[in-house]
Every structure is written in C-alpha cells, then in structure tokens.
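Dear colleague,

Here is the structure I promised to hand over, with the sequence alongside. My notes on what I found in it follow below.

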Amino acid sequence: MAAEALGWWGVPLGIMAGTLRGSAPFLFVSLGECLTEKSGKINLGLEGTLLTGAMSAYAVSYQLKDVVGPGLSPWIGVLVAGIAGMALGFIHAWLSQQPKVNDIAVGIAMIIFGSGIAFFFGKPFIKPQAPQLLTFDLGNWSSLPQVQSALKISPLFLLGLIIAPAMAWFFKSTRWGLFIRAVGDSPDAALAMGVSIKKVRMLCIIAGSFLAGIGGACLSLYYPGLWSETISSGQGLMAVALVIFARWNPIQCLWASLFFGGAQAIGPALQSVGIDQGRYLFNAAPYVLTLLIMIITCSPKKTLSGAPGALGTIN
Amino acid sequence: MSTKRSLYLPRRQVIRGILATAAFGATSKLWTGCSSTPEGASGPGGDASPTAEGGKPIVIGFIYNAPKDDYGWNQAQATGAAAIASIAGIKIVEQESVPETKEVQEVMRNMIEQDSATVIIPTSFGYFDPHVLQVAKDYPEVQFFHSGTLWKEGLPKNVGSYFALVDEGQYLAGRIAAQASKSGKIGFVGAKPINPVLRNINSFMLGVRSVKPNVKMQVIFTGDWSLPVKEAEATNSLVDQGADVIAVHVDSPKVVIETAEKRGVLSSGFHSDQSALAPKGYLTGTMYNWGTIHKKYVELLKSGKTLMNGGIPHQVIGGIAEDYISLATFGPAVTDAIKKDVEATKAKIVDGSTVVYTGPIKDNGGAVKIPGGKKYPVTAQELTQIDWLAEGVSGKTS
C-alpha cells in the first residue's frame with residue numbers, strides 16, 4: 001500500500017523512475033543502430049525488429065515457463081528475441097547490399113515485415129501472462145514505497161549501461177572497431193586495407209539487430225511487461241533518430257536514451273499532481289527539445305560531425 | 001559489386017509472362033462472376049429474409065478493430081459472439097484487427113460475397129460512418145448491427161445500433177472502490193477526454209461519493225486508446241501520489257491492472273473480466289454482456305424478423321436492468337459487507353429508485369451541471385452531452 005502522497009516530489013521521482021524503467025528499449029535499439037550506421041548502412045527496420053523481439057521473448061517466456069521454470073524462461077526469451085532480431089538483421093543485410101538497392105527502402109519494408117511477423121505469430125500471446133524478468137531491488141534502504149518501486153532496476157538496463165561505454169571503447173581502441181569505422185567512413189580505403197566491406201556490414205547489421213531484439217525483450221518482459229500490438233508505439237523509429245541526435249557516439253546514445261525514456265514520464269507525472277494545462281505539449285516535449293537541439297547544433301557550414309562518410313551511399 | 005549484369009529478361013519471356021497474367025486475370029474474373037450471383041446477392045424477386053430455410057445456417061460476420069483477446073472492448077465483443085456461435089442454425093465468421101478505414105468495407109463485402117453472411121456486426125465505433133452506411137446501401141438485403149449509439153432516423157433501413165450503457169455498473173464499481181480504499185484517493189487512467197470516458201469517470205465518482213463524499217480522484221489522460229508505456233507510467237504516477245485504487249478506461253486495461261497489481265494497490269477494471277490478471281488487487285469492473293443482446297437478435301432472426309420488416313428494433317440500448325452489463329468477478333478485497341451493499345444498490349437501480357444522475361450534480365469547477373430535482377435515466381439524451389468532470393475529480397477535459 002502506498003503510504004502517503006509525495007506531492008510535488010512525485011514529479012522528479014516519477015521522471016527519474018520513468019527514466020530507469022522506460023529507457024532500456026531506446027538504449028538497446030539506438031546502440032544497435034549506432035553499430036549498424038558506423039559501418040555505413042542504415043537499418044530503419046529496427047522498429048520491426050523491436051516488435052519481433054518483444055513478441056518472441058514474451059512467447060518463449062510463456063511457453064517455456066513449465067519446462068524450465070519461471071525463473072529461467074524469461075532469460076531464454078531474451079536470447080530468442082536477440083536471435084529473432086539477428087534473423088531479421090540478416091535479411092536486411094543481405095537485401096540492402098545487393099547492387100543498386102537503397103537501404104532506406106529496404107528498411108521501410110523491414111518495418112512492415114517485422115511488425116507483420118510479430119502480429120501474426122503474436123496473436124495467441126496477447127492474453128496469457130508470461131513470467132517476467134527478475135529485477136534488482138536497489139531501493140530497500142528507503143522507507144518510502146514510491147522510492148522502492150522506482151529503484152526496481154532491470155538487469156537488462158544495467159547490461160545496456162555497460163554496453164554503451166564498451167562499444168565506445170570498441171570503436172576507439174580495437175582493431176575490429178577500426179575496420180568498422182573504416183568501412184563506414186571510407187569503403188575504398190577499407191577495401192585497400194583488405195577488409196571485406198560486405199562481411200563487416202553484414203556482421204554489424206546482424207549484431208545491431210541482435211541488440212534491438214533484446215530491446216524488444218525489455219518491453220515485453222520488464223516494462224510495461226506484456227505483449228500487445230501497440231507495445232512499441234514508434235519507439236524503434238525514435239531510437240533510430242536518436243542515433244543522429246547522439247552524433248553516432250555510443251555514450252551520447254546512452255544520454256539520449258535516458259532523456260527520451262524519462263520524457264515519456266513527464267506528462268503522466270505532471271498530471272498526477274494536477275497540472276493538466278498543456279498536457280499535449282508535455283507529451284510532445286521530447287520532440288520539441290530534439291528539434292531545438294538539432295537546430296542549435298546544426299551549422300550550414302559543415303556536415304554533421306561524426307556522421308560516417310559512406311552513410312546513405314549506394315553500393 | 002559488378003553493376004553491369006543487371007536483371008536480363010528475354011523478350012519472349014516477357015511476352016509469355018504478360019499472356020499468362022492476362023489469361024489468369026480473365027479466368028479469375030469469370031470465376032467470381034459465376035459464383036457470386038447465386039451465392040451472394042439474391043435477385044430482386046427472391047425474398048432475402050435470412051431465416052434458416054432448409055437448414056441453411058444464418059451466417060453472422062463479426063468485425064473487430066484489434067485482437068479479440070485483449071482483455072478489453074474486443075474481448076467483450078468476441079465473448080458475445082462466442083455465446084451465439086453454438087446455437088443451431090447459426091454460423092459466425094470473425095475478422096480481427098480491421099482498421100477503421102476502407103479496409104473494413106472490403107472485409108464486409110468479402111463476408112457477404114464469400115461467406116454469404118446475411119448479418120454483419122461491426123463492433124468498432126469508427127466503422128459506422130461512412131463505411132457501414134456505404135456497404136449497407138449496396139446490400140439492402142444484408143442487416144448491419146453496429147455497436148454504438150449512432151443510429152438515427154433516416155439511415156438505411158437495414159442498419160441498426162446496439163449498445164450497453166455502463167454508468168450504472170461504474171456507479172456500483174465506484175461504491176465498491178470507495179469502501180475498499182483506505183487512503184481516500186483514487187486514480188483513474190483514461191484515454192481521451194471524450195463523452196464516453198467522461199461519463200465513465202463521472203459515474204464512477206458519483207458512486208464513490210455516494211459512500212464517502214470526501215474521497216478525491218485524480219485523472220490522467222494518456223492521449224490515445226492504446227499506449228502501453230504511457231498507461232503503465234500513468235498508473236505508477238498515480239500510485240506514487242497515494243492513490244490506492246486505480247480505475248481505467250482504455251482499450252485494453254491489461255497494462256493498468258497488471259501494473260497496479262505489481263505496485264500492490266487495488267484496481268477496478270472495465271470492458272471485460274480481468275480478475276485473472278490481478279488475483280490480489282482486482283476489485284471488480286463493469287463488463288459488457290453483449291451475449292445477451294446477440295442472443296436476442298438471433299432469436300428474432302430465426303423467427304424471420306428483420307430490421308427491414310420492422311421486426312427488430314433499430315436501436316437496442318440498455319443497462320444493468322436489461323443485463324446488458326454486469327460486474328466482473330469480485331476480488332478478495334471485496335468483503336461480504338461490500339457485496340451486500342452492492343446487491344442492495346443494484347436492486348434499487350433496477351427498480352428505478354436509485355438513478356445515477358440525480359441532481360444536484362456539480363462539476364469540478366463548482367458549477368451546477370444537473371440542477372437539483374432533475375433525474376436523468378442512463379438513456380437520456382442529455383447525458384450524451386456531458387463534457388465536464390464531476391465534483392471531486394481533479395483533471396481537465398481539455
């Protein structure tokens with residue numbers, strides 16, 4: 001039972017809690033897209049991958065709960081979500097690397113395909129309740145139930161927190177990271193180095209889609225924790241845009257994801273303390289802010305800093 | 001990466017392909033031309049009343065705008081469909097996730113032409129205008145029962161509406177919530193501030209205040225019918241603010257009920273029975289008994305009555321007295337004393353001595369919206385004009 005009302009403190013707490021709960025899908029999809037785009041290809045289809053991941057994680061978690069127990073089955077679900085993502089990623093990678101194929105067009109087709117697959121196979125899983133992932137209760141020091149509930153953190157979110165700096169390090173300091181950057185920035189130079197452009201891009205897209213699939217598992221197995229056809233409500237597409245916002249930098253992807261995750265909570269948190277005026281504006285706040293940041297940081301004199309050079313070119 | 005070898009098509013193959021497509025097109029067109037005449041639209045001479053002549057079943061087509069097991073509106077409708085599916089002489093066909101666009105017209109036409117449906121039940125609000133009206137004009141012998149209150153005099157003869165009014169159910173649910181709440185604060189997650197949602201909120205609140213006049217309610221509108229993340233966020237925010245009962249009006253209450261259960265608070269559902277989702281915290285909720293209406297329709301249809309010959313009323317509407325709505329399975333927090341109170345209040349509503357909208361009723365700004373002495377039964381036209389929130393509800397309609 002909730003002890004007492006928090007009043008105005010509920011707003012920052014709600015936004016903080018919303019950040020911790022809601023940003024994991026953004027984080028995984030944007031990291032996946034960051035990896036993909038660093039190699040010079042765009043995968044818009046991650047929205048479809050997100051949905052397929054959410055559906056397959058939920059389905060597997062539900063189907064296996066009697067076989068392996070409700071403790072383990074969500075984890076297998078997470079893994080299967082990643083693998084389902086890889087399968088979609090493979091299709092995208094293969095199609096988008098055919099001669100004269102535009103990766104954006106393929107991506108749009110993959111959104112429709114991925115969501116179609118998810119809706120088709122997801123029909124029987126709308127109703128049942130699947131076992132959820134465990135959470136770490138980091139709020140037990142507090143006597144306030146609101147704080148305790150806000151600090152129930154998903155291990156997947158922590159995993160994302162680790163992956164972001166790891167990816168930044170990977171790009172910066174490893175040989176493979178160099179290959180990916182070379183392929184993305186200057187395919188000719190990479191070819192001269194003896195790196196197979198196709199293989200690198202294939203692996204990057206598949207790995208990126210794996211992450212996006214796990215992002216879907218966050219949605220269906222952690223928060224909000226169910227499978228429904230509207231579960232993503234465009235989060236996959238937003239995460240793709242986040243990568244541009246974050247200038248193809250994994251660490252900034254992390255901040256951007258936290259920002260967007262928290263922004264989802266602004267509207268409800270303000271309404272709960274009775275601020276109703278302009279709730280549509282609050283709900284649109286993240287988009288308005290994004291536009292503002294884009295406008296402020298853009299300059300007509302130079303291209304976007306950090307953009308991989310080969311991005312958007314056709315093989 | 002050789003760009004020279006593009007797709008090479010020999011001329012002969014192209015011609016062959018075109019010929020084959022043309023031949024297929026011609027035959028398939030002929031084909032449908034042959035079969036649709038005897039099956040679908042019977043000629044103007046034949047009496048097309050959908051009675052079960054010669055053991056031929058009456059085919060009823062149900063159309064839903066989302067999956068039919070979403071614990072919400074569509075599940076309620078599908079439960080109603082299932083209630084008549086086993087009746088002899090009735091065959092039902094169903095299609096889910098049909099958007100409120102031209103696609104629903106195609107679905108209706110397919111049901112009529114291919115499944116030879118003579119009765120169509122489109123269950124979503126937005127199907128009606130212009131889609132149902134359009135198709136109804138083209139198939140004057142097929143009957144359309146739309147779920148809503150949109151039927152008016154002057155529309156095609158073969159169109160009717162059926163609807164259940166939830167005010168009385170929500171009033172009872174509100175009374176239960178008030179008695180079960182300890183903090184005296186109730187949260188409500190609504191989709192949009194439109195009349196049906198506002199009426200739902202107000203009826204609930206009137207029920208709450210008929211027991212405890214000091215209870216406050218906080219409303220959060222998520223902005224759309226299905227936004228799972230926002231719904232969960234809204235529920236969490238309300239619980240953070242001390243609400244210990246969460247009521248809901250969105251397409252599928254599953255997220256809200258589950259989130260409330262996780263937070264250890266009570267919840268009151270809507271549309272259909274969600275007691276399985278929250279074995280600890282679920283109180284009850286108003287659920288639709290569409291089966292009652294559908295069974296009545298089937299009875300009339302089987303005896304040869306139609307909308308066109310006036311045997312079936314064009315507008316079927318009712319509340320708890322007609323058993324078009326009822327309360328879902330009570331959760332463990334509903335004590336025997338509360339159950340007794342519900343029974344007593346329900347009896348009073350059924351016999352008409354308690355009317356939900358009995359004046360004076362003020363809105364949350366203090367203005368008197370229904371003057372003292374006025375009583376509006378749930379079917380009253382005035383209630384469809386409600387665009388305010390009742391006293392004690394904090395929230396704004398715009």
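Ser272(A), once its neighbours within four places in sequence are set aside, is in contact with Gln218(B), Ile220(B), Ser237(B), Leu238(B) and Gln241(B). Please keep in mind throughout that this is a predicted model. Ser272(A) belongs to helix 11 of chain A, and at a relative accessibility of 3% it counts as buried, since the cut-off for that class is under 20%.

The interface

The contact between the chains draws 48 residues from chain A and 44 residues from chain B, and the area buried between chain A and chain B comes to about 3900 Å², with carbon and sulfur atoms giving 53% of that area. Across this interface, 13 residue pairs are found in polar contact, counting pairs in which both residues have pLDDT 80 or more. On the side of chain A that touches chain B, at least two residues each are supplied by helix 1 (10–38), helix 5 (145–150), helix 11 (250–272) and helix 12 (279–297) of chain A, and among these helix 11 of chain A gives the most, with six residues. Sorted by type, the residues on that side of chain A divide into 21 nonpolar, 19 polar and eight charged.

Salt bridges

How many salt bridges are there over all chains? The count comes to nine over all chains, and one of them crosses between chains, running from Glu233(B) in helix 7 (residues 228–240) of chain B to Arg21(A) in helix 1 of chain A. Between chain A and chain B the count is one salt bridge, and in this pair the side chains of Glu233(B) and Arg21(A) meet with an N to O distance of 2.8 Å. Glu233(B) and Arg21(A) are both buried.

Within chain B, the side chains of Glu94(B) and Lys68(B) also meet in a salt bridge, at 2.8 Å from N to O. Because Glu94(B) lies in strand 2 (residues 90–95) of chain B, while Lys68(B) sits in the loop between strand 1 (58–63) and helix 2 (73–85) of chain B, this pair ties together parts that are 26 residues apart in sequence. Glu94(B) is partly exposed, at a relative accessible area of 33%, and Lys68(B) is likewise classed as partly exposed, at 27% relative accessibility.

Asp240(B) forms a salt bridge with Arg263(B), and the closest N and O atoms of that pair are 2.8 Å apart. Here too distant parts of the chain are linked, with Asp240(B) in helix 7 of chain B and Arg263(B), 23 residues apart from it, in the loop between helix 8 (254–262) and strand 9 of chain B. Are the two partners buried or exposed? Both Asp240(B) and Arg263(B) are buried.

Helix 10 of chain A

Eight of the 11 residues of helix 10 (residues 235–245) of chain A are buried, so this helix is largely enclosed by the rest of the structure. Among the buried residues are Gln235(A), Met238(A), Val240(A), Leu242(A) and Phe245(A). The buried residues of helix 10 of chain A pack against helix 1, helix 2 (46–63), helix 9 (197–221), helix 11 and helix 12 of chain A, together with helix 7 of chain B. Just after helix 10 of chain A, Arg247(A) takes a positive phi of about 55 degrees.

Strands in chain B

Strand 10 (residues 282–288) of chain B is mostly covered, as seven of its seven residues are buried. With strand 9 (residues 266–271) of chain B, strand 10 of chain B pairs in the parallel sense over four bridges, and Gly285(B) in strand 10 stands opposite Gly269(B). Strand 10 of chain B is also joined by three bridges to strand 12 (residues 325–327) of chain B, this time with the strands running antiparallel, and the bridge partner of Met287(B) in strand 12 is Ser326(B).

Strand 6 (residues 185–190) of chain B is mostly covered as well, with five of its six residues buried. Strand 6 of chain B pairs with strand 7 (residues 216–221) of chain B in the parallel sense over six bridges, and Ile186(B) has Met217(B) in strand 7 as its bridge partner.

With best regards

Note on methods. Residues are numbered from 1 along each chain as its sequence is written. Chains are lettered from A and ligands numbered from 1 in the order in which they are written. This is a predicted model: local features need pLDDT of at least 70, side-chain atom pairs count only at pLDDT 80 or more; totals for chains, interfaces and linings use all residues. Side-chain values use heavy atoms; hydrogens and water are left out. Buried means under 20% relative accessible area, exposed over 50%, partly exposed in between (1.4 Å probe, protein chains only). Two strands pair if DSSP finds at least two bridges between them. Contact means heavy atoms within 4.5 Å. Buried area is the accessible area (1.4 Å probe) that two parts lose on being put together, summed over both. A salt bridge is a side-chain nitrogen of Lys or Arg within 4 Å of a carboxyl oxygen of Asp or Glu. A polar contact is a pair of N or O atoms within 3.5 Å; within protein, one must be able to donate a hydrogen and the other to accept it, and residues adjacent in sequence count only if both atoms are side-chain atoms. Ala, Val, Leu, Ile, Met, Phe, Trp, Tyr, Cys and Pro count as nonpolar, Asp, Glu, Lys and Arg as charged, and the others, Gly among them, as polar.
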